[in-house]
Each structure stands twice: as structure tokens, then as C-alpha cells.
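Take a walk through this model with the coordinates open. The route starts at one buried ring and moves outward from there.

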Amino acid sequence: MGKTAILRSALDMMHFSGATGIVRRRLQGLGSIFCLHQILPGGGRQTGFAPNSKLECEPEFLAGMIRLARSRGLETISLADAVARMRNGDTRPFAVFTLDDGYKDNQLFAQPVFDALQCPYTIFVAPRIVEGTSELWWRLLELVIKSGDHFKAEIARQGYSLATATNAEKWQAFNTLFPVLENLEQQEQRVVIRRLCAAAKVDPDAYCRSVAMDWNDLKAINRDPLCTIGAHTMNHHAVGRMHEADAFFELNQSRKDISKALDEDILFNAYPYGDEPNAIARDFVLAEKAGYAASVTTRKGVIFPGHAQHLQALPRIMVSGRFQQLRYVDAMMSGLPTALSNKFSKVNVA
């Protein structure tokens, strides 16, 4: 049984056993901050070789999540309002919806859902993605593997020769190469993916421009009173894997560039990837130094009063396209799965 199937089974057991209902009042904390990426018709439902479909969800599912949160007594509020509540000791339960990277589908398919249901939302963007010059390496790796029946390259002095003719072979190749690229030094990672793209005749900049909002799109969606724009570093780098000066540049310059482009102060940050070791305690200090009012991670967890003292390290609930059942979201909102994952520690900032 694969990891996804095991997690689904665990969430089903929590839901159908009634365990989430029993512990909800004690473990749900102040509420949840949800992390999404792409919102697309059919998103996350693809079959065959589609490793990045886990980052996609359908618009109907997003609408269902908003209604579910409200049915559980969580007020859907902006990130700014959530941070204000934490600071003021306000215990009214809330749900916050955030989207990372700034894809065009956020404007095409997510904004209409949020507007129709009058639900605030935050989009975290990286200037290089907005400009269309970022190497969305996880997506590009998928395209490289799809481009032919065989993959051959040297990465970090290690040779790879992998069959990629069938879907099964493509999955095996992706699962082999993904951690290799993920763990490269950040600048080298981007050089490598561009070299792989060149060999496969994939244009990384054209791809980025095709899927990401540009500055005009961003200015348009920012006029929506329900929308908040936040920063996501300059280059979508894992700051925890960088030298301190480089990490600070990524955090600080992105806030400056977005503020200038939108002519408003940018108060919130999301660390790319956002888990350990991609965002570490040092980076929480750097984010505060860069002037952010709060930052979100992808460390698993719901929000507790103790997070008021750690506003640069707020946990989120990652919403995966492979878990598009509202009962899974309901289980996550209860706080039980993340409590088990965190060994019942309420605040994880180490």
C-alpha cells in the first residue's frame, strides 16, 4: 500500500470512527490556515503520469471547503484579521485560505469562487515567477520526463540512465530524480533544470509565462477587496538551504519589489516549500527583520494561542489534489492528524 493510500485510510478511520468529533473542541485550536496552489477544472483528478497533480484542486472542491469550514463554526477571515486576533487574544475560531506561487488559474477559477462566497484569500507570489523567468523545476522535471522514452544525464557528478517510455517508468524516473534536484544547492538546482530542459527542448521561461500571473494580472486581482498579496521570496528558493545573507536577500528584496509594483506595503510572507529544512528558525528571525507582520510555513498544524509569540512560523494545512474529499479536510481541521504528527506539541518552531 502506497503512502497516499495509507494516509487516506488513516483519515477515514479518524472520520468514520467519530474520533475527530470527540477531540475537535480540544485540538482544533483557534482555527486553520489552508495552503493551496492551483485551482483548475479537473485539477488533481488526472490519471497516468501526473506527479504534480497533487498541487491542484477543483473549483468545486474549494467551494466545498469554504462551506465546510463555516459549517464547523469557523469564520472565514483574511490573514491580517487572523494575525490581529492572535495578537489580541481573540478566541473566535477562524479559517484562512492561502494560495502559493501566483498561477493564472488563481484568477480564472479561484477568484470567482472566493468572490461568490465572499471569502477572503491571500496569494503569495515570487517576483521572478511573476516576470516569467523562474524555473518551476518540479513542473519542468515532469515535462522533461514526458518529452521522450529515455532520460540520460549527469547530475551532481552522478550519471542517470532511466527508461521513460511507459507511465510506470516515468513515475519511477520522477521519484528517482525529484529528491536529487530537491537537495541540490539552490543556484545549482536552477542551472541543472535549465540544462535538462535544453536537452529535452523544453523552454522554461515560456512555460513559466504560460502558467503564472504577470504584473498586470496581479494588479487586477489585487483590486479585489477580498484579496491580499503576500511575498514568496524572489526566486522561489528554499531559504533554509541558503547562506544567511542570500536567504535575507530572498525575503527582503521580494517584499520591496512587490510593494513597489503594487504601490502598497506587503505584510505577509510564505516560505517556499516551507517545511524543515527548507525554512528554519534562523529564517523566522530574518523574516521579521525584513519587515513582515507574519509568515506562514507548511509545517503541519492548526493555530493555537501560543502562535501569537511565533508569528513568523505559522503552520498551515496543505490541501492536496489527491485528498479531494471533504471528510479528509474535516479531519484535518479537527486538529487530530496534526496533533498525532507533532506528538501533541502545539507549537513547532525549532
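This is a predicted model. Start at phenylalanine 114, which is buried, with a relative accessible area of 0%. Its partner is tyrosine 121, also buried, at 2%. The two ring centres lie 4.5 Å apart and the planes meet at 10°, so the pair is stacked. Planes under 30 degrees apart earn that label. The model has 11 aromatic pairs.

Now turn to a second pair, tryptophan 138 with tyrosine 273. Here the centres are 6.3 Å apart and the planes stand at 85°, so this pair is edge-to-face. It links distant parts of the chain. Tryptophan 138 belongs to helix H7, while tyrosine 273 lies in the loop between strand E10 (268–270) and helix H13 (281–289), and 135 residues separate them. Their exposure can be set side by side. Tryptophan 138 has 6% relative accessibility and counts as buried. Tyrosine 273 has 23% and counts as partly exposed, because the cut-off for buried is under 20%.

Both rings belong to one aromatic cluster, whose other members are Phe49, Trp137, Trp171, Phe174 and Phe178. A charge sits on this cluster's Phe178: the charged end of lysine 54 is over the ring, 5.9 Å from its centre. Elsewhere, the charged end of lysine 289 sits over the ring of phenylalanine 248, 4.7 Å from the centre.

Lysine 54 leads on to the largest pocket. That pocket has a volume of about 1600 Å³. Of its 44 lining residues, Lys3, Lys54, Lys300, Met318 and Ser320 are the closest to the centre. Which elements build the wall, each with at least two residues? They are helices H1 (3–16), H7 (137–146), H8 (167–182), H14 (326–333) and H15 (336–341), with strands E5 (94–101), E11 (294–300) and E12 (314–318). H1 gives the largest share, 6 residues. By class, the lining holds 22 nonpolar, 11 polar and 11 charged residues.

Tyr273 leads to an enclosed space instead. The whole structure has 1 cavity of 30 Å³ or more, and the largest cavity holds about 30 Å³. Its lining consists of Trp137, Glu182, Gln186, Gln189, Ala238, Arg241, Tyr273 and Asn278. By class, that is 3 nonpolar, 3 polar and 2 charged residues.

Next, helix H13. Its buried residues are Asp283, Phe284, Leu286 and Ala287. They span an arc of only 165° around the axis, which puts them on the same side of the helix. Val285, Glu288 and Lys289 are exposed on the other side of H13. Lys289 is the residue whose charged end sits over the ring of phenylalanine 248.

The last stop is the backbone. Most residues other than glycine have a negative phi, and most peptide bonds are trans. Where does this chain depart from that? The peptide bond from glutamate 276 to proline 277 is cis, with omega near 10°. Proline 277 lies in the loop between E10 and H13, the loop that also holds tyrosine 273.

Two positive phi values follow. Threonine 233 has a phi of about 70°, although it is not a glycine. Its place is the loop between strand E9 (227–231) and helix H12 (244–262). Histidine 236 lies in the loop between E9 and H12, with a positive phi near 60°. Are these residues buried or exposed? Threonine 233 is buried, with a relative accessible area of 0%. Histidine 236 is buried too, at 4%.

Methods. Residues are numbered from 1 along each chain as its sequence is written. This is a predicted model: local features need pLDDT of at least 70, side-chain atom pairs count only at pLDDT 80 or more; totals for chains, interfaces and linings use all residues. Side-chain values use heavy atoms; hydrogens and water are left out. On a 1 Å grid over the protein atoms alone, a cavity is a set of points where a 1.4 Å probe fits but cannot get out, and a pocket is an open set with protein on both sides within 12 Å along at least five of seven lines; lining residues have an atom within 4 Å of a point. Grid points are joined across faces, edges and corners, and a volume is the space filled by probe spheres set on the points. Helices (H or I, at least four residues) and strands (E, at least two) are DSSP runs, numbered from the N terminus. Ala, Val, Leu, Ile, Met, Phe, Trp, Tyr, Cys and Pro count as nonpolar, Asp, Glu, Lys and Arg as charged, and the others, Gly among them, as polar. Rings of Phe, Tyr and Trp (its six-membered ring) pair if their centres lie within 6.5 Å; planes under 30 degrees apart count as stacked, over 60 as edge-to-face and the rest as tilted. Buried means under 20% relative accessible area, exposed over 50%, partly exposed in between (1.4 Å probe, protein chains only). A charge sits over a ring if NZ of Lys or CZ of Arg is within 6 Å of the ring centre and within 35 degrees of the ring normal. The arc is that of the directions from the helix axis to the C-beta atoms.
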